[in-house]
Amino acid sequence: MPYEVQGVVSRAKGEPVSLETVLVPDPGPGEAVVSIKACGVCHTDLHYKLGGINDEFPFLLGHEAAGYVDKVGEGVTDIAPGDYVILNWRAVCGTCRACKRGKPWYCFSTHNATQPMTLTDGTKLSPALGIGAFLEKTLVHSGQCTKVNPDIEPAVAGLLGCGVMAGLGAAINTGAVTRGDSVAVIGCGGVGDAAIAGATLAGATTIIAVDQDDRKLEWAKGFGATHTLNTKGKSEDEVVEAIQTLTNSFGADVVIDAVGRPETWRSAFYARDLAGTVVLVGVPTPDMRLNDMPLIDFFSRGGQLKSSWYGDCLPSRDFPVLVDLYLQGKLPLDKFVTERISVDGVEGAFDRMHHGDVLRSVVVF
């Protein structure tokens, strides 16, 4: 018999979400049912709602989650009922060409559950990032479950499942920030502040928070920003010059674009030092284009231009370590949680997110 639970569903592009009864099947081979205890409201969920990912409506939203394994399917041996887990949306396959090259964080064939979750009339739901966790129980592939220390509360732990990991990983994994580096982070929402926290953890000595909102810049200081730069009313050239001024006129060793727009990427490109690194972790829309950038600039400035996929993380490696760092007081994950809400408050949380009023709203069950 399937589980009957209440979940947040997006039925059509741009329309308000609804709380509906969802049927969650018993886990099949390689699958697990997880009882969700908390799930962050991530900007990616809003992208789904607005049709920015694809048009496979209706969507079952929510993916930044933590909870307890309720039941496992045939052949599952790495987790068991009762295990405390953070869900991840890149369950590595172990057999694709990236995995065989020893780079599983680039896995090109990640796993999801094969059985659908449905509405009561049989309509199949598309779970956000293969998870769908704005509900009391969800069905996932067992590889999407990463066991961690249960001493960290779910509202904090779940944030590692997406946005916080994306930002931390952009700095530590993709950008390879190290002690003594100078770092600029453009865009100081949840992902950008996580990048700042990651740069702090890695030992960067100059960390410049760049945004148009003084409130966000103030938040960024709490994650380790040593300097702030409000770009409101400034041209791209003025932004570049300001970052260079704060880095001995050279530019930053690593510049992380957590916005994902052509103008912020160009600023990141020119604001880095010679042979410096640009990391794109903000997600552009398909219509965005880079125009009129001289090819000679790519050649003459050298360095690395990188995109960060999920912070280039390996959940089985990174989640437990980051949880331990939090429990040791070295990583302020709890500062990302602006508010705790009930599952019927997701639509309001989207509105507050849109207006920049929160870093993270977290649904708590």
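# A walk through the helices and strands

The crossing of helices H7 and H8 is right-handed, and that is where this tour begins. Keep in mind as you go that this is a predicted model.

**Stop 1: H7 and H8**

Select residues 236-245 for H7 and residues 262-271 for H8. The two axes come within 9 Å of each other and cross at roughly 35 degrees. To see where the helices touch, show the side chains of Glu236, Val239, Val240, Ile243 and Gln244 in H7, then those of Glu263, Arg266, Ser267, Tyr270 and Ala271 in H8. Colour this contact by class and you will find 5 nonpolar, 2 polar and 3 charged residues.

**Stop 2: around H8**

Stay with H8 for a moment. How many of its 10 residues are buried? The count is 8, so helix H8 is mostly covered. Pick them out one by one: Pro262, Thr264, Trp265, Arg266, Ser267, Ala268, Phe269 and Ala271.

Now bring up the surroundings. The cover over the buried residues of H8 includes helix H7, which you have already met, and helix H9 at 295-301. Strands take part too, among them E11 (182-186), E14 (252-257), E15 (272-280) and E16 (304-307).

**Stop 3: strand E11 and its partner**

From that list, select E11. All 5 of the 5 residues of this strand are buried, so E11 is largely enclosed by the rest of the structure. Turn on its side chains: Ser182, Ala184 and Ile186 point one way, while Val183 and Val185 point the other way.

Next, add strand E12, residues 206-211. Do E11 and E12 run parallel or antiparallel? They run parallel, and 5 bridges join them. For one such pairing, click on Val185, then find its bridge partner in E12, Ala209.

**Stop 4: strand E9 and its partner**

Move to residues 137-141, which form strand E9. Here too, 5 of the 5 residues are buried, so the rest of the structure largely encloses E9. Lys137, Leu139 and His141 lie on one side of the strand, pointing one way, and Thr138 and Val140 point the other way.

Then select strand E3, residues 31-40. E3 and E9 are joined by 5 bridges and run antiparallel. A good place to look is Val33, which stands opposite Leu139 in E9.

**Stop 5: H4 and H5**

Back to helices. Select H4 (residues 163-174) together with H5 (residues 190-202). Their axes are 7 Å apart, and the helices pack at an angle of about 45 degrees. That angle makes H4 oblique to H5. As for handedness, the crossing of H4 and H5 is right-handed.

Show the contact residues next. On the H4 side these are Gly163, Val164, Ala166, Gly167, Leu168, Ala171 and Ile172, and they meet Val191, Ala194, Ala195, Ala197, Gly198, Ala199 and Leu201 of H5. Coloured by class, the contact has 11 nonpolar and 3 polar residues, with no charged ones.

**Stop 6: H4 and H10**

Keep H4 on screen and add H10, residues 315-327. At what angle do their axes cross? The answer is roughly 100 degrees, with the axes coming within 12 Å. H4 and H10 are therefore roughly perpendicular to each other. Look for Met165, Leu168 and Asn173 on H4, and for Arg317, Asp318, Phe319 and Leu322 on H10, which make the contact. By class, this contact has 4 nonpolar, 1 polar and 2 charged residues.

To finish, click on Leu168 once more: this residue of H4 meets H5 and takes part in the contact with H10.

Definitions and conventions: Residues are numbered from 1 along each chain as its sequence is written. This is a predicted model: local features need pLDDT of at least 70, side-chain atom pairs count only at pLDDT 80 or more; totals for chains, interfaces and linings use all residues. Side-chain values use heavy atoms; hydrogens and water are left out. Axes are lines fitted to C-alpha atoms, for helices over the stretch in contact, and angles run from 0 to 180 degrees between N-to-C directions. Helices (H or I, at least four residues) and strands (E, at least two) are DSSP runs, numbered from the N terminus. Angles under 35 degrees count as roughly parallel, over 145 as roughly antiparallel, 65 to 115 as roughly perpendicular and the rest as oblique. A crossing is left-handed if the near helix is turned anticlockwise from the far one by less than a right angle, and right-handed if clockwise. Contact means heavy atoms within 4.5 Å. Ala, Val, Leu, Ile, Met, Phe, Trp, Tyr, Cys and Pro count as nonpolar, Asp, Glu, Lys and Arg as charged, and the others, Gly among them, as polar. Buried means under 20% relative accessible area, exposed over 50%, partly exposed in between (1.4 Å probe, protein chains only). Two strands pair if DSSP finds at least two bridges between them.
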